[in-house]
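Okay, thanks everyone, let's get going. I'll put the structure up and walk through it piece by piece, so shout if you lose the thread.

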Amino acid sequence: MMVLEHPPSGCPALVLNADFRPLSYYPLSLWAWQDVVKAVFLDRVDVLSTYDQEVRSPSFAMKLPSVVSLRDYVPQDRTPAFTRFNVFLRDGFACLYCGRREDLTFDHVIPRSQGGRTSWTNIATACSRCNLAKGGRTPAEARMVLMRRPAPPKAWELQEGGRRFPPNYLHQSWMDYLYWDAELEP
């Protein structure tokens with residue numbers, strides 16, 4: 001992970017909930033500068049930190065916000081969307097059969113040809129090698145063992161998982177607002 005002193009391309013702003021936690025860790029909750037300026041004018045956010053760059057009009061100048069917090073709290077207990085990315089995040093970006101992290105795809109634990117459905121409880125992250133070895137069989141038929149059974153994740157589990165995979169860059173002004181609830185070392 002690289003910490004930048006200059007704003008990343010496009011000057012995105014880190015968006016925090018009203019409790020000052022990021023709306024999402026992975027992908028990190030970022031808004032384009034245009035959306036943030038609009039939200040400032042609509043009085044929907046508070047600006048906590050700014051870049052040195054300004055936007056100007058004939059009668060107005062404003063430093064671009066780098067960190068904002070929402071005025072109204074957005075509940076985070078919603079059910080996570082069933083997406084390929086969230087399946088990978090739930091499974092820690094690792095094959096549930098062998099633990100490899102390369103060439104990932106997803107596998108129907110009970111194959112569709114045997115009545116398996118595409119759902120949280122029947123989809124597991126698998127590397128191409130394991131997926132090919134398993135084929136259209138169940139893990140028992142293929143003599144393969146899942147490290148854990150797939151299950152629907154809670155929103156907080158995906159947030160927790162996202163913290164383990166920080167983005168490639170973080171702006172210096174964001175550092176005081178990320179990972180503040182992480183356990184401190186003695």
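Let's start at one pair of residues: Leu16 has Ser69 as its bridge partner in strand 5. Keep in mind that what you're looking at is a predicted model. One step back along the chain, Val15 has its own bridge partner in strand 5, and that's Val68. Strand 2 and strand 5 run parallel, with 3 bridges joining them.

Now look at what strand 2 does with strand 3. Those two run antiparallel, joined by 2 bridges, and Leu14 is the residue standing opposite Leu30 in strand 3.

So what order do the strands come in across the sheet? It goes 3-2-5-4: 4 strands, an open sheet, mixed pairing. Strand 3 and strand 4 are the edge strands with a single partner strand each, so each has one side with no neighbour in the sheet.

What about the two faces of strand 2, covered or not? Both are covered: Ala13 and Val15 are buried on one side, and Leu14 and Leu16 are buried on the other.

Let's move on to the loop that follows. Between strand 2 (13–16) and strand 3 (30–31) there's a loop, and Phe20 sits in it. Phe20 has a phi near 70°, which is positive, and this is a residue other than glycine. Its relative accessible area is 37%, so Phe20 counts as partly exposed. Then there's a salt bridge between the side chains of Asp19 and Arg21, at 3.7 Å, N to O. Asp19 is partly exposed at 30% relative accessibility, and Arg21 is partly exposed too, at 39%.

There's another positive phi to show you. Asp43 has a phi near 60°, and again that's a residue other than glycine. You'll find Asp43 in the loop between helix 1 (33–41) and strand 4 (45–57). Who does Asp43 meet in a salt bridge? Its side chain meets that of Arg71, at 3.0 Å, N to O. That pair links distant parts of the chain, 28 residues apart, with Arg71 in the loop between strand 5 (60–70) and helix 2. Asp43 is partly exposed at 46%, and Arg71 is partly exposed at 40%. Asp46 comes in as well: Asp43, Asp46 and Arg71 are linked in a network of salt bridges.

How many salt bridges does the structure hold? There are 8. As a general reminder, oppositely charged side chains can pair when their charged atoms come close.

One more of these, and here the surroundings are worth a look. Arg90 and Asp91 meet through their side chains in a salt bridge at 2.8 Å, N to O. Are they buried or exposed? Arg90 is buried, with a relative accessible area of 14%, and Asp91 is buried as well, at 5%.

Arg90 brings us to helix 2, which spans 84–90. Helix 2 is part of what covers the buried residues of helix 4. Those buried residues, in a helix that runs over residues 155–163, are Ala155, Leu158, Gln159, Gly161 and Gly162. Look down the axis of helix 4 and they fall within an arc of 165°, so they line one face of the helix.

Next, the segment after strand 8 (169–171), which is where Ser173 sits. Ser173 is buried, with a relative accessible area of 15%. Its side chain makes a polar contact with the side chain of Ser66, at 2.9 Å. Setting aside neighbours within four places in sequence, the residues in contact with Ser173 are Ser49, Ser66 and Val67.

Last thing, confidence. The mean pLDDT of the protein chain is 87, with 88% of its residues at 70 or more. Which elements have the lowest and the highest mean pLDDT? Strand 1 (residues 2–4) has the lowest, at 60, and strand 7 (residues 123–127) has the highest, at 97. Where pLDDT is low, the predicted coordinates shouldn't be read in detail.

That's my tour. Happy to rotate anything you'd like to see again.

Note on methods
Residues numbered from 1 in each chain as written. Predicted model: local features only at pLDDT ≥ 70, side-chain atom pairs only at ≥ 80, totals over all residues. Heavy atoms only, no water. Buried < 20%, exposed > 50% of the residue type's maximum accessible area, 1.4 Å probe, protein only. Arc of directions from axis to C-beta. Contact = heavy atoms within 4.5 Å. pLDDT = per-residue confidence, 0-100. Polar contact = N/O pair within 3.5 Å; in protein donor to acceptor, adjacent residues only side chain to side chain. Salt bridge = Lys/Arg side-chain N within 4 Å of Asp/Glu carboxyl O. Pairing = 2+ DSSP bridges.
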